[in-house]
Amino acid sequence: MPQPVPVPHGLPVDRDAGPFDPPGAITRLREARPVSPMLFPDGHEGWLVTGYAAVRQLMADTRFSSRQDLGVLHVPYETPGMPVATEPSPQVPGLFISMDPPDHTRLRRMLTGAFTVKRMKQLEERVVEVVERQLDELARLTPPVDLVKEFALPVPSLVICELLGVPYADRAGFQGDSATFLERDVTLEEKMAAYGSLTSYLAELVTRKRAAPDDDLLSDVARNADVTVEELTGIAFLLLLAGHETTANMLALGTFALLEHPGQLAAVRADAALLPDAVEELTRYLSIADVFYRYATEDVELGGETITAGSTVVVSLLAANRDPERFEDPDRLDVRRKARGHLAFGHGVHQCLGQQLARVEMRVGFEALLRRFPDLALAVPAGEVRLKSDMNIYGVHELPVTWSDAREVSA
């Protein structure tokens, strides 16, 4: 048997098939070899996993570590200013997404009670208030307007700020730092400056909450004497970053996708009962948090391949969620599809903690937006919408929209 040829030049990122589809090269790799050898920009040979079954198996297998202090996790992108990794990164206290059990279990267990389905249903009334108020402000504007700035970003930002106890008035700082931290094509110095600015802010905040707790999630965790201020800061960083960036991108990119699929948009508008399924389908179809890394702690058989100990493994959730072995006609957006079982929220011990909150925000947000702006439309050609191909969470930088302001937009 001939030796496998590594994928040249790292991870394919060119979305040549369209703004909502995986890079064509990723799709071809999944079809040919769902677990593929991969050549990283620094010369390291690792693996790229794109098939649904293999991705699901990998993310449930704790032999694939999320820790960054065990070995070198090689970056799959050519990023200006980023040095070639030669040694493990230090473990960041509190950043449980980069931990394995039992450390991961200890920290995550403190938070699970705040994100249960029951708690999120209780929070839904407040989400409705936030959405409707933001749409009131949107309706007072003269189109065209940027839906990201005026709706998609403010809604989840305000909700997560209230939940965590972060002053919403400070949003300009943490949103700017978050965006810089998630941008691929910035220097290491710029990225670390943004990280330092945000964590310094959060360290001061959690220190105040430990001294004088309030009625919010960070105060609840701060009451636990077993958690250090450094761990509290890492927890706050992760929850704040993930809590507003992901849903904001889903609201904006999801609206873009619906506007570009008028039949699906009409179906959702005609039947609000479709919204739960539509949210799952949009989440699967777009998979905005796509690329994740794992580190093999021992030799593991995966998808007919042997992943050797010490290998960096790159996982594409978007490719997995478009696998025809799992979803029929997967590249078609179908709001009636029963897409439960998709991997957009991850799988295994690191499955997204805030997924129920995200579902509530998307369901409420899409329903109210489409109801109150029945003739919402793009204000520019679709090809002019600036995509976040330069970011680690996919979406749109702006979404210029318009509507007939002669029509009364009422609640």
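Modeller: Two residues are in contact when they have heavy atoms within 4.5 Å. Keep in mind that this is a predicted model, where local features need pLDDT of at least 70, side-chain atom pairs count only at pLDDT 80 or more, and totals for chains, interfaces and linings use all residues. Residues are numbered from 1 along each chain as its sequence is written, and side-chain values use heavy atoms, leaving out hydrogens and water.

Biologist: Let me try that. Which residues does L205 touch, not counting residues up to four places away in sequence?

Modeller: With those neighbours left out, L205 touches G165, V166, P167 and L218. You will find L205 in helix 8, residues 188-211. Helices (H or I, at least four residues) and strands (E, at least two) are DSSP runs, numbered from the N terminus.

Biologist: Is L205 buried or exposed?

Modeller: Residues are sorted by relative accessible area: buried is under 20%, exposed is over 50%, and partly exposed is in between (1.4 Å probe, protein chains only). L205 has a value of 3%, so it is buried. For a sense of distance, the C-alpha atoms of L205 and D146 are 31 Å apart, with their positions 59 residues apart along the chain.

Biologist: How much confidence goes with the model, as a mean pLDDT?

Modeller: pLDDT is the predictor's confidence in each residue, from 0 to 100. Here the protein has a mean of 88, and 91% of its residues reach 70 or more. Over residues 406-411, though, pLDDT is below 50, and this stretch has ten contacts in the model beyond near neighbours in sequence. Where pLDDT is low, the predicted coordinates should not be read in detail.

Biologist: Now the inside. Which residues touch the most other members of the largest nonpolar core?

Modeller: A nonpolar core is a set of buried Ala, Val, Leu, Ile, Met, Phe, Trp, Tyr and Cys residues joined through side-chain atoms within 4.5 Å. The largest one has 90 residues, and F96, L286 and L399 touch the most other members. Helix 10 (residues 229-259) supplies the largest share of this core, 16 residues. Apart from it lies another core of 19 residues, including I307, V313, A320 and F327.

Biologist: What does L399 touch, beyond residues up to four places away in sequence?

Modeller: Its partners include V145, D146, L147 and V148, as well as A252, T255 and F256. L378 and V385 are on the list too.

Biologist: And how does one helix pack? Which residues of helix 1 are buried?

Modeller: Helix 1 spans residues 24-32, and its buried residues are G24, I26, T27, L29 and R30. They pack against strand 1 (35-39), strand 2 (45-49), strand 8 (312-316) and helix 13 (317-321). A319, which lies in helix 13, shows this from the other side: leaving aside neighbours within four places in sequence, A319 is in contact with I26, R30, T50 and D290. At 1% relative accessible area, A319 is buried. A319 and R284 are 35 residues apart in sequence, yet 10 Å apart in space, C-alpha to C-alpha.

Biologist: What about T308: where is its place?

Modeller: T308 sits in the loop between strand 7 (305-307) and strand 8. Its relative accessible area is 40%, so T308 is partly exposed. Not counting residues up to four places away in sequence, T308 touches A296, E298 and D299. Between the C-alpha atoms of T308 and G46 there are 8.9 Å, although they are 262 residues apart in sequence.

Biologist: Let's turn to the backbone. Which residues does a cis peptide bond with omega of about 5° join?

Modeller: One such bond joins P101 and P102. P102 is in the loop between strand 3 (64-65) and helix 3 (103-112). The peptide bond from P143 to P144 is also cis, with omega near 5°, and P144 is in the loop between helix 4 and strand 4 (145-146).

Biologist: What is the phi of S287, which is not a glycine?

Modeller: It is positive, about 40°. S287 belongs to the loop between helix 12 (275-286) and strand 5 (291-296), and its 1% relative accessibility is why S287 counts as buried. D329, also not a glycine, has a positive phi of about 45°. You can locate D329 in the loop between helix 13 and helix 14 (355-372). With 41% relative accessible area, D329 is partly exposed.
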